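Biologist: I've got the model open on my screen. Mind if I fire some questions at you while we look through it together?

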Amino acid sequence: MLYFLALGSCYLLKPKIQYFVKKSDGWSVQFNNEHYISFGDSLFLRETSDGTPKSFYQHFSTGVCFDNQCRPLDIILHWSISGRYLGFEMPKGEFLSKTDHDPFSRKEYLQLSEILSNYDLPFKDIKYHELMNQPESSTESADAISGATSERIKDIVVQNAAYTTYKLWKLVYGESQKFIEQYTEKHLNTSNLMTVLNSQDRNEIVWGLTHMRDTLSFSIPLKTRLVSLIQSDDYYLSYNAVHAIPKTYLNDSDFLEILFLSYLNTPDTSTKKAMFRKLKAAPRLGQNLVVKSRQSIGAMAPQEISSLLKLYEKHSVEDSVTVDVVRKLINHPNAYVVNLAKGYLRKHENRRE
Amino acid sequence: MSKIKRRALLKSIGAFSVAAGLPGGLHAETLIKPYRVKESFTETDILIVGGGTAGTIAAIQAGRTGAQTTLIESGSQLGGCTTTGGVSFPGIFHAWGEQIISGIGWELVLDAVELNGDQLPDFTKIPKSHWKHQVAINPALYVMLAEEKCLEAGVDIRYYETPTSVKFENGRWLVESTGKGVKTIISAKQLIDCTGNALIASMAGYKVLREKETQPGSLVYSMGGYEFDQLDLSKIPQRYHRALHQNMMTSKIRKTGENTFVPYGYVYVYGADSTTSETHTMANQKGRQNLLQLIRELRELRGCENIRITSMKTETAVRETFRIEGLYKITKEDYVSGRLYEDSLSYSFYPIDLHRDGKSIYQEFLKPNIVAAIPMRALIPKNSENFLVAGRCLSSDRLANSALRVQASCMGMGQAAAVTASLSIQEGMTPAKIAPNLVKERLKEYGAIVPS
């Protein structure tokens, strides 16, 4: 790895065409307070002067070939530190062209950038020669693959630019992207995790949440951010944030109390269940949480009462106040709840004996 | 001691020693009385027949309402198509970025996903192919979790039994249920037919409908011993391509099921019908014969010489048999337009999906933001009392049924039917007379999503 400034920034200083995806925070160049780390193959990591990683970029000089002709492609691709596609740039004068050699319009550049931002396209399962429908008299020759764009991909390529779209998509989601993701994963620390979790992009945040590890050292701001994600209205973020709760947080009774209150407020079943699993996995429950749970039991649905009583059993919550509250459930109008309460009380009596 | 006496003595000592060295149980053999079928009578609040996709959920829900609940299942485990049939990727619980079916069905799916170490995909992203939002589950886990939840809810599960007579007398259902060595008369306040075939509705004397030609069933299997990418398909007859390709399919975006393999391969079984033991036996035999023939033929093909079966389900999964004639029949137009009813209790989201002749599937996708609904009346047979159905035999025309039959929709129906039955007992009136809003409110309390 080399610290690299001159060549990396030299290219970036040239006037160019730029297309970046929406919400691609953190890509804009600030030469005065940045430095660059080279990984070879014109792949660079951009860092702020204090060493915070910002993004990756790579310069490609390659060719897009079809009809036995190749057109050179001079382009820079940008990724976030988690490997998310951010955008592309080309030197002024360079342009992308279609099969009839017409240059891309601005609308088509935007369409291309939008396509490149979608990692879930069938390109990954399509081979180069499958981009065009094979004419009846097809042979293995490259000349023969100039039929109409295959039905399978016609909606996901820039019209008359299937090869260019495909080639760039393969570059975006190729070896470099894998390297970037692995590099960041390996060097993940609280600081760059915060960068990821504070991203404007939802996929980036999900990446951060699914890569949180118990071995990281956790900070107050990280905990605050995690709580805000747990309480997010976006249920998928909330679900992943609950899953990401590190073991160390489960020792924190205040955090567990917040988690329980979030449980009471979230309408999403998947998140609720994940929260209860975390509460069960905690070494112990704080007194405040137990008090709040007792106060809530009357308003709970039968299946929630079932979960709560299991939580009490797991953590041996059987103080006299709690036992009295459970005893009152014997008068519950629902026989299922009555049976649950009786089960809890029976086990409690057995333990006392 | 004479020679003879000595030999007899030694023999008797030997016999004694052997007996002394054996555990007592080995000599506990006794003559037993001739085999007799045990006959009994039992009472319950809600009787559910069929522990498949809908029936399992109905039973858990009925138990959770506090009703005394009995579940009859003719097989050995719960889950039906989801487990025994091998369609272990239930769906669809989400539509257009939002969850539309939750409740007990979703709770079970979630528990199976979590216990298998899997994670849910991002349902807010609308996939190009609807089936990508089906959730892959480990069927073994699902079976055990379903049973655990039934038992926790106090459900009396009766495996290996099937009703042989159904009568309505003095406001109660009398169902004779026969199984291995048992014959039980079950007296129930409410009866829910979750057989998928409207079998109990038919036995009870209610009208049921059936198409002249029904969709084929599927026997689910997986095979190994070949690499699809290595095959020269130009040398393999077209009719084998689907089987070879389908077997290799895995969802690239689906996160659930990372830790379990869900087979996608299936052979069609024309005329498959699980209504009676005879028709079900025939469906299973045909399925196995078709698969055996396919394997033999495939092994003749270049690159497929080492193909072998790696798993096969024990039963042919069935798509279509009988439907009830209900108080309301959901039409295809109702379904594709997302019609809402005053008594809508549950959603359903799937394309119209008719497997026609085994060679093609007629599909019609719902337009953006359209989600179909299921009214309570479609679960109540005409002229019935204290009787509901849940699952694919609901009242619907053929095309609507081809979409309504899928698992998440059946789970939603199961929960709705059980809550309705429970309220009927509480209010002392037949399901048709229960105020839909009362059912809706109760369903919400139990975590279900009610159309609005």
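Modeller: Sure. This is a predicted model, so keep that in mind as we go.

Biologist: Let's begin with β2(B): which residues point one way, and which the other way?
Modeller: Side chains in a regular strand alternate between the two faces of the sheet. In β2(B), all the residues on either side are buried. B:T70 and B:I72 point one way, and the other way point B:T69, B:L71 and B:E73.

Biologist: How many residues of β2(B) are buried, and is the strand enclosed or open?
Modeller: A residue is buried when 20 or more other C-beta atoms lie within 10 Å of its own. The strand is largely enclosed by the rest of the structure, because the number of its residues that are buried is 5 of the 5.

Biologist: Which residue is the bridge partner of B:I46 in β2(B), and which is the partner of B:T70 in β5(B)?
Modeller: β1 (residues 38-49) of chain B runs parallel to β2(B), with 4 bridges joining them. β5 (residues 156-159) of chain B is also parallel to β2(B), again through 4 bridges. For B:I46 the partner is B:T69, and for B:T70 it is B:D156.

Biologist: Is B:S76 buried or exposed?
Modeller: B:S76 sits in the loop between β2 (69-73) and β3 (94-95) of chain B. Beyond four places in sequence, B:S76 touches B:Y159 and B:Y160. With 11 other C-beta atoms within 10 Å, and 12 or fewer being the cut-off, B:S76 is exposed.

Biologist: Which helix of chain B gives the most to the largest nonpolar core?
Modeller: That core has 191 residues, and those touching the most other members include B:I48, B:A58 and B:I192. Leaving aside its neighbours within four places in sequence, B:I48 is in contact with B:T69 and B:L71, among others. The helix giving the most to the core, with 10 residues, is α10 (residues 407-427).

Biologist: Which residue of β17(B) stands opposite B:Y347?
Modeller: Strand β14 (residues 344-348) of chain B is joined to β17(B) by 4 bridges, and the two run antiparallel. B:A372 and B:I374 point one way from β17(B), with B:A373 and B:P375 pointing the other way, and all are buried. Opposite B:Y347 stands B:A373.

Biologist: Over to chain A. What arc do the buried residues of α7(A) cover?
Modeller: The buried residues in helix α7 (residues 220-230) of chain A are A:L226, A:L229 and A:I230. They lie on the same side of α7(A), because they cover an arc of only 100° around the axis. The face turned away from the buried side carries the exposed A:I220, A:T224 and A:S228, and the buried residues pack against α6 (202-210), α8 and α9 (253-265) of chain A. So the arc asked for is 100°.

Biologist: Which helix gives the most to the side of chain A that touches chain B?
Modeller: 15 residues of chain A are in contact with 20 residues of chain B. On the chain A side, α8 (235-244), α10 (269-281), α12 (302-314) and α14 (335-352) each supply at least two residues. By class, that side has 6 nonpolar, 6 polar and 3 charged residues. Giving the most, with 4 residues, is α10(A).

Biologist: Last one: how far apart are the C-alpha centres of the two domains of chain B?
Modeller: Chain B is divided into domain 1 (38-214 + 323-445) and domain 2 (217-312). 23 residues of domain 1 are in contact with 17 of domain 2. The distance between their C-alpha centres is 28 Å.

How values were computed
Residues numbered from 1 in each chain as written. Chains lettered and ligands numbered in written order. Predicted model: local features only at pLDDT ≥ 70, side-chain atom pairs only at ≥ 80, totals over all residues. Domains from an automatic or database assignment. Contact = placed C-beta atoms within 7 Å. Nonpolar A, V, L, I, M, F, W, Y, C, P; charged D, E, K, R; others polar. Core = buried A, V, L, I, M, F, W, Y, C linked by C-beta atoms within 7 Å. Pairing = 2+ DSSP bridges. Arc of directions from axis to C-beta.
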